[in-house]
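Work through the following exercises with the model open beside you. Try each task before reading its solution, and follow the steps in order.

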Amino acid sequence: VQLVESGGGLVQAGGSLRLSCAASGSTFSINAMGWYRQTLGKQRELVAFITGGVGSADYAASVKGRFTISRDNAKNTMYLQMNSLKPEDTAVYYCNAVTYYSDSDRYLEVWGQGTLVTVSS
């Protein structure tokens, strides 16, 4: 599975952006997917995740009510709609997928290359 993010950029505080994560390859193996972010000198943190099947979602407390995660299984694409952006949302955002291969009974994590989101005050 390969993941490619897009949609990052520069936005003013209070503005919105939508990130996309396009999956290719053995997409049938994807279970849960999520968005993480990382700033310089800090650990990567989970922003939001969405499960396979019914697509249950959960969010970090810092983004709940402002960000919405979704996935379009027909397009093999996951999204992160970010509204009411704050300067502290500035980070590199990474797409993550948890894949499962039944023949080997293994779970593997896959990461995208990241996309930079900069929120100016």
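Rings of Phe, Tyr and Trp (its six-membered ring) form an aromatic pair if their centres lie within 6.5 Å; planes under 30 degrees apart count as stacked, over 60 as edge-to-face and the rest as tilted. The model is predicted, so local features need a pLDDT of at least 70 and side-chain atom pairs count only at pLDDT 80 or more, while totals for chains, interfaces and linings use all residues. Residues are numbered from 1 along each chain as its sequence is written, and side-chain values use heavy atoms, with hydrogens and water left out.

**Exercise 1. Describe the aromatic pairs and the exposure of their members.**

Step 1. A pair of aromatic rings is described by the distance of the centres and the angle of the planes. By the ring rule, the count comes to 2 aromatic pairs.

Step 2. Tyr36 and Trp111 form an edge-to-face pair, with 4.9 Å from centre to centre and 65° between the planes. This pair links distant parts of the chain, since Tyr36 lies in strand E4 (residues 30-38) and Trp111 in strand E10 (residues 106-111), 75 residues apart. Strands (E, at least two residues) are DSSP runs, numbered from the N terminus.

Step 3. For exposure, buried means under 20% relative accessible area, exposed over 50%, and partly exposed in between (1.4 Å probe, protein chains only). Tyr36 has a relative accessible area of 19% and is therefore buried, whereas Trp111, with 33%, is partly exposed.

Step 4. The rings of Tyr100 and Tyr107 have their centres 4.7 Å apart and their planes at 40°, so this pair is tilted. Tyr100 is partly exposed because its relative accessibility is 26%, and Tyr107 is exposed because its relative accessible area is 55%.

**Exercise 2. Find the rings over which the charged end of Arg44 sits.**

Step 1. A charge sits over a ring if NZ of Lys or CZ of Arg is within 6 Å of the ring centre and within 35 degrees of the ring normal.

Step 2. The charged end of Arg44 sits over the ring of Tyr94, 3.7 Å from its centre, and it also sits over the ring of Trp111, 4.6 Å from the centre of that ring.

**Exercise 3. Locate the disulfide and state which parts of the chain it ties together.**

Step 1. A disulfide is a covalent bond between the sulfur atoms of two cysteines; here it is counted as a pair of cysteine sulfur atoms within 2.5 Å. The count comes to 1 disulfide.

Step 2. The disulfide is formed by Cys21 and Cys95, whose sulfur atoms are 1.9 Å apart. Cys21 belongs to strand E3 (residues 17-24) and Cys95 to strand E9 (residues 91-101), so the pair ties together parts that are 74 residues apart in sequence.

Step 3. The link of Cys21 and Cys95 is left-handed, with -70° about the S-S bond, and both cysteines are buried.

**Exercise 4. Describe the surroundings of Val47.**

Step 1. Val47 lies in strand E5 (residues 45-50), and it is buried because its relative accessible area is 1%.

Step 2. Contact means heavy atoms within 4.5 Å. Leaving aside neighbours within four places in sequence, the contacts of Val47 include Trp35, Tyr36, Arg37, Asp58 and Tyr93.

**Exercise 5. Identify three of the salt bridges and compare the burial of their partners.**

Step 1. Side chains of opposite charge can pair when their charged atoms come close. A salt bridge is a side-chain nitrogen of Lys or Arg within 4 Å of a carboxyl oxygen of Asp or Glu, and the count comes to 4 salt bridges.

Step 2. Glu45 and Arg37 meet in a salt bridge at 2.6 Å, N to O. Glu45 is partly exposed because its relative accessible area is 35%, whereas Arg37, at 7%, is buried.

Step 3. Lys64 forms a salt bridge with Asp58, the closest N and O atoms being 3.8 Å apart. Lys64 is exposed, with a relative accessible area of 52%, and Asp58 is partly exposed, with 35%.

Step 4. In the salt bridge of Asp89 with Arg66, the closest N and O atoms are 2.7 Å apart. This pair links distant parts of the chain, with Asp89 in the loop between E8 and E9 and Arg66 in the loop between strand E6 (57-59) and E7, 23 residues apart. Asp89 is buried at 1% relative accessibility, and Arg66 is buried at 12%.

Step 5. Salt bridges that share partners join Arg37, Glu45, Arg66 and Asp89 into one network.

Conventions. Helix = DSSP H or I, 4+ residues; strand = E, 2+ residues; numbered from the N terminus.
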